Amino acid sequence: MELSIEQLTFEYASHPLFQQFGLTLSAGITWLRGENGAGKTTLLKLAGGALTPHGGRIWLDDIELQAQPLAYRLHCYYCGGDTPQLPWLTVQEILDMHVGLYASTDIALLNAQLQAFHLLPTLDQPITTLSLGQHKKMQLALALSLPVRLLLIDEPFNGLDVDAVAYLRQQLAAPERLARQTILLTSHVDPQLPLTQTVQL
Ligand SMILES: Nc1ncnc2c1ncn2[C@@H]1O[C@H](COP(=O)(O)OP(=O)(O)OP(=O)(O)O)[C@@H](O)[C@H]1O
């Protein structure tokens with residue numbers, strides 16, 4: 001598994017953020033560092049196909065994002081902690097939607113992750129009624145279950161209780177996961193995970 005970003009150019013109206021930016025990531029965890037406003041979240045969104053580059057190319061193995069956007073997206077999951085996009089759905093309906101999109105999802109694994117994050121009692125709640133930490137946990141339960149090659153996680157530990165932080169560290173550090181997934185995460189504190197590399201923006 002390899003994420004390859006070539007000559008990436010991207011700017012917001014008043015912020016030229018990336019100019020001819022390049023990055024290659026292999027399997028395992030990459031810690032993306034940088035001060036507030038450096039562009040970490042923007043880079044995750046670009047790599048996840050949630051923002052469109054103004055120049056350059058992004059590949060996941062042999063799938064180019066711009067050329068095969070749907071195929072690319074089916075191999076990656078962006079875990080951003082953003083507010084829900086479909087606020088009228090319940091937690092279960094959000095989960096079902098993801099299971100429908102990512103066809104070979106292991107449902108038993110997803111249920112185990114939901115149980116570990118104490119989310120099973122929330123399944124019938126409207127997604128908007130989850131607390132910040134519960135919403136993060138729902139996204140992380142999906143991140144840890146979906147059969148994707150690329151995981152993009154913005155500030156994985158923000159808003160989590162102590163037990164959830166420990167559980168997430170153990171799950172992310174599992175050797176079989178590190179062998180099969182490319183994980184790009186941002187964190188302002190040392191994530192205390194086995195790292196393949198650190199990238200400073
Ligand atoms: N939609 C937008 N329109 C205009 N500017 C934006 C937009 N989103 C982000 N920016 C600006 O782009 C820059 C990078 O933002 P980004 O969220 O990627 O930074 P970050 O490194 O993740 O920051 P933090 O550590 O604070 O989360 C910031 O200066 C931000 O104000």
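I count Ala, Val, Leu, Ile, Met, Phe, Trp, Tyr, Cys and Pro as nonpolar, Asp, Glu, Lys and Arg as charged, and the others, Gly among them, as polar.

Before starting, I note that this is a predicted model, where local features need pLDDT of at least 70, side-chain atom pairs count only at pLDDT 80 or more, and totals for chains, interfaces and linings use all residues. Residues are numbered from 1 along each chain as its sequence is written.

Entry on the ligand. I looked up the residues around the ligand (C-beta atom, placed from the backbone, within 6 Å of it). They are Tyr12, His15, Leu17, Gly34, Asn36, Gly37, Ala38, Gly39, Lys40, Thr41 and Thr42. I sorted this shell into 3 nonpolar, 7 polar and 1 charged. Strand 2 (15–26) and helix 1 each supply at least two of its residues, and helix 1 gives the largest share, 3 residues. Helices (H or I, at least four residues) and strands (E, at least two) are DSSP runs, numbered from the N terminus.

Entry on the sheet. I found an open sheet of 5 strands in the order 6-7-8-3-9, with parallel pairing; two strands pair if DSSP finds at least two bridges between them. Strand 6 (76–79) and strand 9 (197–200) are the edges, each pairing on one side only. Strand 3 (residues 28–33) is joined to strand 8 (residues 182–186) by 5 bridges. In that pair I see Trp31 opposite Leu185 of strand 8.

Entry on the twist. From one strand to the next it averages 15°, with axes being lines fitted to C-alpha atoms, for helices over the stretch in contact, and angles running from 0 to 180 degrees between N-to-C directions.
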